[in-house]
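Biologist: I keep tripping over the labels people attach to models like this one. Could you take me through a few of them and show the reasoning behind each?

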Amino acid sequence: MMHAPTQKQMGLSSRRGPVGSTSCRRTSSLMRPSGRSCQVRAGKTSTGPRVAIVGVTGAVGMEFLQILKQRDFPYSSMKMLASARSAGKKVDFDGETYTVEELTENSFGDCDLALFSAGGSATKKFAPAASDAGCTVVDNSSAFRMTDGVPLVVPEINVEAMKDIKLGKGGIIANPNCSTIIALTAVTPIHKAVGVKRMVVSTYQAASGAGQAAMEELELQTREALDGKPITTNIFPRQYAFNLFSHNSDVDVDLGYNEEEMKLVKETAKIWNTKDVKVTGTCVRVPVMRAHAESINLELNAPLTVDEARKLLENAAGVSVIDNRKENDFPTPLVASYNDDVYVGRIRRDISRDDDCGIDLFVCGDQIRKGAALNAVQIAEALL
């Protein structure tokens, strides 16, 4: 039987309240076009939407359940869906035990909302069927991110992009890629203030982005390496423990960029609704379990001091600043893990420039939460 992680298993944040805790000031005020200042907190209720979790047995699927419970998301019924291989498994959620059902094109006739984390090929097949049945889809895969007419949404940034989609009336909303969400949550307050002309991003990406099996293999490899045993390499073709390597997505042999890097380029343009910002990236896998880190250099359209940048970030929804130069204390993947906010530090002027139009940042965010499941649930909250 599968269980969503408990509060005790999640631990406590050393910087903020209970791990994953949120405040209305930081989240919902920017997520509701209606201007309501607090999220709806209801849990199971007869007036809530009928919800389906697609890919429930995966890392993001289980995180969906944890976050829905944590945020008291209103629902009247819950359906657990996964591949035929996982059908029949038991999942505990909100005091009830559910049997996982096989995902089919006919799974959505009694659903208003489906949170998808099923991979691109499955999503391309089943998300349109769900939408045609009147079920609104929030999809975590890359299947429809760049499709015209499909909103690509980070609620703190561009919730207005989904204004024409109504809960229970069909439609697909795409979750951006994890590295894009984490970068833009941090950078958008600066972009809105003075405009970003060019963004250079280097990512240090955790195992969780490749799924639960990659996380388990990293743990296994670490034990094997320390014990002097042969290294198991089922998920990646090379050793991951005590190593790092270029992101495992396919590389364009002409451009030299991999798919992960191009997602950052293309998705930024769509989310910010501009082709005027130049973006380049280098994406790397590092042996960290579940939180990504990113080094970001910004070329700005107008001068911005470090103090002004820090104030913008301190007041931004979904952002926490850790920027203590005296103590050499800045964001780390461990601090970000199991937390909702994106953490920003190393805020400094780009000294390679002769003006104040360059800023450097170091950013960390939980790949499974804000980089995937939390962002999707926030989108769902904005539909209520």
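Modeller: Sure, and let's start with the word "contact", which here means heavy atoms within 4.5 Å. Keep in mind that this is a predicted model. Among contacts between residues at least 6 apart in sequence, 68% join residues at least 24 apart.

Biologist: And what are the helix and strand counts, and what share of the residues is buried?

Modeller: There are eleven helices and 16 strands. Of the 384 residues, 54% are buried. The protein exposes about 16,700 Å², with carbon and sulfur atoms supplying 48% of that area.

Biologist: Take Pro 189, then. Why is Pro 189 called buried?

Modeller: The cut-off for buried is under 20% relative accessible area. Pro 189 has 17% relative accessibility, so Pro 189 counts as buried. You'll find Pro 189 in helix α6, residues 178-194.

Biologist: What is Pro 189 in contact with, leaving aside its neighbours within four places in sequence?

Modeller: Leu 184, Leu 312 and Ala 316. There's also a C-alpha separation of 9.8 Å between Pro 189 and Glu 314, and those two are 125 residues apart along the chain.

Biologist: What makes α6 and α9 oblique to each other?

Modeller: Their axes cross at roughly 120° and come within 9 Å, with α9 covering residues 306-314. Roughly perpendicular covers 65 to 115 degrees, and roughly antiparallel needs over 145. An angle of roughly 120° fits neither, so α6 and α9 are oblique. The crossing is right-handed. On the α6 side the contact is made by Ala 186, Pro 189, Ile 190 and Ala 193, and on the α9 side by Ala 309, Leu 312 and Leu 313.

Biologist: Now α3 and α11. Why is α3 called oblique to α11?

Modeller: Here the axes of α3 and α11 (residues 369-383) cross at roughly 50° and come within 9 Å. Under 35 degrees would count as roughly parallel, and roughly perpendicular starts at 65. Roughly 50° falls between those limits, so α3 is oblique to α11. This crossing is right-handed too. Among the residues making the contact are Val 60, Phe 64 and Ile 67 of α3, with Ala 372, Leu 374 and Val 377 of α11.

Biologist: On to the six-stranded sheet. What is its strand order, and why are β6 and β9 said to stand at the edges?

Modeller: The order in this open sheet is β6-β3-β2-β7-β8-β9, with parallel pairing. β6 (101-102) and β9 (172-174) each have a single partner strand, so one side of each is left without a neighbour in the sheet. Helix α3 (residues 59-70) packs on the sheet, touching β2, β3 and β7.

Biologist: How do you know that β2 and β7 are paired?

Modeller: Pairing takes at least two bridges. Strands β2 (residues 50-54) and β7 (residues 113-116) run parallel and have four bridges between them, so they pass. In one of these bridges, Val 51 has Leu 113 as its partner.

Biologist: And what makes β13 and β12 partners of β10?

Modeller: Eight bridges link β10 (residues 196-205) to β13 (residues 291-300) in the antiparallel sense. β10 and β12 (residues 278-285) run parallel and are joined by eight bridges. At least two are needed, so both pairs qualify. Val 201 sits opposite Ile 296 in β13, while Met 199 sits opposite Val 279 in β12.

Note on methods:
Residues are numbered from 1 along each chain as its sequence is written. This is a predicted model: local features need pLDDT of at least 70, side-chain atom pairs count only at pLDDT 80 or more; totals for chains, interfaces and linings use all residues. Side-chain values use heavy atoms; hydrogens and water are left out. Axes are lines fitted to C-alpha atoms, for helices over the stretch in contact, and angles run from 0 to 180 degrees between N-to-C directions. Buried means under 20% relative accessible area, exposed over 50%, partly exposed in between (1.4 Å probe, protein chains only). Accessible areas come from the Shrake-Rupley method with a 1.4 Å probe; for residues, only the protein chains shown count as cover. A crossing is left-handed if the near helix is turned anticlockwise from the far one by less than a right angle, and right-handed if clockwise.
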